[in-house]
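Biologist: I'm new to this one, and I'd like a close look at a single part before I get lost in the rest. Could you start there and then work outwards?

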Amino acid sequence: MFRLLLHSAIILVLTVLTQVGGLAWLIALIFRKGLLSFALIYTAMTIATLWIAPIFGRTALSCTASGPLEVQSWMYCAANRNYVTPALAEVLEQTANRMDQRFPGTKTVVLDANFPFFDNVPLLPHLSHDDGEKADLAFYYQDQTGYLPGATRSPIGYFAFEQGPSDCPDTWPSLRWDFDMLQPIWADYALEPERNRAVLQILANDPRVGRIFVEPHLVQSLGAAHPNIRFQGCRAARHDDHIHLQLR
């Protein structure tokens, strides 16, 4: 009974985190070779997903691209969290190219996007990344030497918050995590204001883009107010560590 519960829990966790990992673990159990079988099966399924996803209207953002647009970590590709619709892929690529034209050498960094298969399957902990039309971008950072291409303050690009005033009460239930204990360990980088302001303006004025979520105190400090740039609400995850965008 314990083994059944354990494997069920593993399948559930792997499915929630990677979409195909649970199925890979289930198949690996048939071969009774443990982690080696799982690793081989999962790798094969992840590679196959690149060709299957277009049937579901999704395409993978490359983790090996060396141009203006890049995925923050191989982890996002390994976990199948780098899929978007072709329309969103075009928006991201064109936005990155425009940023590079305006500020040569700029790297626009994608964090979580979507899973490869099926609509209405959320990419936890995000509740809205469920149809291939949403993606998160990292902020642009600088240190005392200037702009840092492709840099993020935390290893995964999330949870390094830019502290500022907020009207949100400390209530539960909420996904508005503060992770106060983690903040001192992140890299001591500052937001690069010109690039962050520019990317928000580019996205906000793109007719293909609908909502953009950024914390109000950052919108104000960057001078980037626009009707399409909104507050996500007090019960949703904070958006002073990344930019969320979605298509209309």
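Let's take the helix α1: at 1.5 Å a residue, what should its 17 residues span, and how far apart are its end C-alpha atoms?

Modeller: Happy to, with one thing to keep in mind: this is a predicted model. At 1.5 Å a residue, the 17 residues of α1 should span 24 Å, and the end C-alpha atoms of the helix are 24 Å apart, so the two agree.

Now look at which side chains of α1 are tucked away. H7, L14 and T18 are its buried residues. Around the axis they cover an arc of only 30°, which puts them on the same side of α1. There's a simple rule behind that sort of pattern: an α-helix has 3.6 residues a turn, so residues three or four places apart point the same way. On the other side of α1 you'll find F2, L4, L5 and L12, and those are exposed.

What sits over the buried side? The cover on the buried residues of α1 includes α2 and α3. To follow the chain into the next helix, go past Q19, which comes just after α1 and takes a positive phi of about 70°.

In α2, the buried residues are G21, G22, A24, W25 and A28. Looking down the axis of α2, you'd see them fall within an arc of 155°, so they line one face of the helix. They pack against α1 and α3. After α2 comes R32, and its phi is positive too, near 55°.

That brings us to α3, which runs over residues 34-52. You can try the ruler on it as well: its 19 residues should span 27 Å at 1.5 Å a residue, and its end C-alpha atoms are 26 Å apart, which agrees. The buried residues in α3 are S37, F38, I41, Y42, M45, T46 and T49. Down the axis of α3 they fall within an arc of 155°, so they too line one face of their helix. L36, L40 and W51 are on the other side of α3 and are exposed.

The buried residues of α3 pack against α1 (2-18) and α2 (21-31), and also against α4 (74-78) and β3 (83-84). So from α1 we've come to a strand, and it's worth having a look at some others.

A good one to find is β11, residues 242-247, where six of the six residues are buried. H242, H244 and Q246 point one way from β11, while I243, L245 and L247 point the other way. Both sets are buried. As for its partners, β11 pairs with β5 in the antiparallel sense over five bridges, and L245 in β11 is the bridge partner of A135. Strand β9 (residues 209-213) is also joined to β11, by three bridges, and this pair runs antiparallel too. Here F213 has H244 in β11 as its bridge partner.

Elsewhere, three strands make an open sheet in the order β7-β6-β8, with antiparallel pairing. The edges of that sheet are β7 (146-148) and β8 (190-191), each of which pairs on one side only. Between β6 (residues 141-143) and β7 there are three bridges, and you can spot D143 standing opposite G146 in β7.

Loops deserve a glance as well. G132 lies in the loop between β4 (108-110) and β5 (134-138). With a relative accessibility of 0%, G132 counts as buried. If you leave aside its neighbours within four places in sequence, G132 is in contact with R58, V84, T85, L88 and N114. G132 and A89 are 43 residues apart in sequence, yet 9.5 Å apart in space, C-alpha to C-alpha.

Finally, zoom right out. The protein has seven helices and 11 strands. Its radius of gyration is 19 Å, close to the 18 Å that the globule rule gives for 248 residues, so it is as compact as a globular protein of that length. The C-alpha trace spans about 55 × 40 × 35 Å along its principal axes. Of the 248 residues, 48% are buried. Among contacts with a separation of 6 or more, 69% are between residues 24 or more positions apart. As for the outside, about 12,900 Å² is exposed, and carbon and sulfur atoms supply 63% of that.

Terms used. Residues are numbered from 1 along each chain as its sequence is written. This is a predicted model: local features need pLDDT of at least 70, side-chain atom pairs count only at pLDDT 80 or more; totals for chains, interfaces and linings use all residues. Side-chain values use heavy atoms; hydrogens and water are left out. Helices (H or I, at least four residues) and strands (E, at least two) are DSSP runs, numbered from the N terminus. The expected span of a helix is 1.5 Å times one less than its number of residues. Buried means under 20% relative accessible area, exposed over 50%, partly exposed in between (1.4 Å probe, protein chains only). The arc is that of the directions from the helix axis to the C-beta atoms. Contact means heavy atoms within 4.5 Å. The radius of gyration is taken over C-alpha atoms; the globule rule is 2.2 Å times the number of residues to the power 0.38. Accessible areas come from the Shrake-Rupley method with a 1.4 Å probe; for residues, only the protein chains shown count as cover. Two strands pair if DSSP finds at least two bridges between them.
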